[in-house]
Amino acid sequence: MLGWYPGHMNKARRQIQEALPEIDVAIEVLDARLPYSSANPMLAGLTRHKPVLKILSRADLADPQRTREWVAHFDSLPDTRALAVTTTNARELKRIPKLCHELAGQVRADRDVRVMVMGIPNVGKSTLINGLAGKAIAKTGNEPAVTKRQQKVRIAGRVALIDTPGVLWPKIEDQASAYRLAATGAIRDTAIDYVDVAVVTAAELARRYPEALRARYKLSELPPYAPNPQAEQVEADGPQRIDLLAVAGFDGHAILTEIASRRGGLRPGGEVDLHRGAEVLLHELRDGKLGPLTLETPADIPAPAEGEDTAAEAANNDGGGAHNSA
């Protein structure tokens with residue numbers, strides 16, 4: 001369901017590798033609501049020998065306290081700085097050229113600092129570039145993968161930007177991350193099961209932001225999760241998956257049913273339209289109507305399995321010539 005890899009994304013990966021030797025700084029645009037899940041581990045491998053500026057976009061939609069935690073986490077990493085912004089706020093964007101110069105170090109006086117902007121689809125890369133340029137240069141949209149090719153633009157502060165198409169990785173191993181990406185729109189709605197994603201998202205919101213969920217949908221209670229006694233038997237017949245409702249501790253299906261019944265999803269005869277409830281929840285989450293919230297913290301970053309090659313290492317070993325500094 002969530003392991004897609006369109007051809008243009010494979011092409012974009014090669015383009016990034018080929019261009020990196022000439023790049024001074026990499027900007028990775030992340031969604032401030034899910035900074036871990038919206039970071040492509042392949043890009044981490046490609047840029048491991050370059051200084052990186054992590055831009056946490058859509059900071060206006062994220063929980064401010066959690067955003068401060070994420071900025072501190074990224075700032076603690078080698079050759080890495082982080083800045084949380086609302087990509088349509090020109091005043092906030094003015095800090096970016098200065099940060100790029102600081103990360104690049106000494107650059108010849110006769111040329112700009114060369115910066116590559118990258119990230120997964122629909123995290124706000126094009127909106128960021130347009131904001132930095134002060135005009136509409138990069139195409140924007142609220143659907144993933146709007147940018148299909150590299151675009152170059154020179155901005156104030158002696159910085160030359162290269163925009164790249166959004167790149168998702170071939171298979172999203174972390175199921176919690178997959179659901180968070182789907183909930184926030186980084187994966188096309190046509191590639192997901194709306195109700196499935198909304199059920200998990202409802203449970204996760206009940207765990208992290210119970211009051212916001214209650215207030216928005218006038219819920220009197222958030223029912224705890226009761227495991228299905230047949231679940232283990234069903235799972236044994238297919239691939240093993242983490243029970244995300246059990247992790248959250250809330251019955252996402254019951255919560256979604258209540259949302260649907262209160263928001264136009266109650267059909268004649270009392271039948272509940274769960275798809276209607278899913279549309280309401282996911283669209284309002286994406287629009288910020290539940291208030292500022294963040295779906296993960298640095299503590300949610302899973303520890304790498306012992307002896308397991310990460311996607312970043314795999315990317316670094318594939319065509320390593322692209323990783324040498326200019």
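Helices (H or I, at least four residues) and strands (E, at least two) are DSSP runs, numbered from the N terminus. This is a predicted model, in which local features need pLDDT of at least 70 and side-chain atom pairs count only at pLDDT 80 or more, while totals for chains, interfaces and linings use all residues. Residues are numbered from 1 along each chain as its sequence is written, and side-chain values use heavy atoms, with hydrogens and water left out.

**Exercise 1. Describe the place and the surroundings of Asn-122.**

Solution. Step one is to locate the residue: Asn-122 belongs to the loop that runs between strand 4 (113-118) and helix 6 (125-133). Step two is to ask about burial, where buried means under 20% relative accessible area, exposed over 50%, and partly exposed in between (1.4 Å probe, protein chains only). Asn-122 counts as buried because its relative accessibility is 13%. Step three is the backbone: most residues other than glycine have a negative phi. Asn-122, although it is not a glycine, has a positive phi of about 65 degrees. Step four is to look for a partner, and here the side chain of Asn-122 reaches the backbone oxygen of Gly-185 at 3.0 Å. This is a polar contact (a pair of N or O atoms within 3.5 Å; within protein, one must be able to donate a hydrogen and the other to accept it, and residues adjacent in sequence count only if both atoms are side-chain atoms).

**Exercise 2. Compare Arg-158 with the cut-offs for burial, and describe its backbone.**

Solution. Arg-158 is found in the loop between strand 5 (151-155) and strand 6 (159-163). With 35% relative accessibility, Arg-158 counts as partly exposed. Its phi is positive, about 55 degrees, although Arg-158 is not a glycine.

**Exercise 3. Work out how helix 7 (residues 175-184) sits in the structure.**

Solution. Begin at the N-terminal end, which Asp-174 caps, with a side-chain oxygen 3.0 Å from the backbone nitrogen of Ala-176. Next consider burial: nine of the 10 residues of helix 7 are buried, so the helix is largely enclosed by the rest of the structure. Among these buried residues are Ala-176, Tyr-179, Arg-180 and Leu-181. The elements that cover them include strand 1 (25-31), helix 8, helix 11 (244-248) and helix 13, where contact means heavy atoms within 4.5 Å. Finally, just after helix 7, Gly-185 takes a positive phi of about 95 degrees.

**Exercise 4. Examine the salt bridges, and state for each chosen pair where the partners lie.**

Solution. A salt bridge is a side-chain nitrogen of Lys or Arg within 4 Å of a carboxyl oxygen of Asp or Glu, and by this rule the count comes to 21. One of them joins the side chains of Asp-31 and Arg-33 at 2.7 Å, N to O. Asp-31 is buried, at 2% relative accessibility, and Arg-33 is buried as well, at 3%.

A second pair is Arg-208 and Asp-300, whose closest N and O atoms are 3.0 Å apart. This pair links distant parts of the chain, since Arg-208 is in helix 8 (residues 194-208) and Asp-300 in the loop between helix 13 (274-286) and helix 14, 92 residues apart. Asp-300 is partly exposed, at 27% relative accessibility. Both residues also belong to a network of salt bridges that links Glu-204, Arg-207, Arg-208 and Asp-300.

A third pair is Arg-263 and Glu-284, with the closest N and O atoms 2.4 Å apart. Arg-263 lies in the loop between helix 12 (252-262) and helix 13, and Glu-284 in helix 13, so the pair ties together parts that are 21 residues apart in sequence. Arg-263 is partly exposed, with a relative accessible area of 25%, whereas Glu-284 is buried, at 8%.

**Exercise 5. Decide which parts of the model call for caution.**

Solution. The pLDDT is the predictor's confidence in each residue, from 0 to 100. The chain averages a pLDDT of 83, and 81% of the residues score at least 70. Confidence is highest in helix 3 (residues 64-75), at a mean of 98, and lowest in helix 14 (residues 311-317), at 45. Over residues 309-326 the pLDDT stays under 50, and for this stretch the model has 37 contacts beyond four places in sequence. Where pLDDT is low, the predicted coordinates should not be read in detail.
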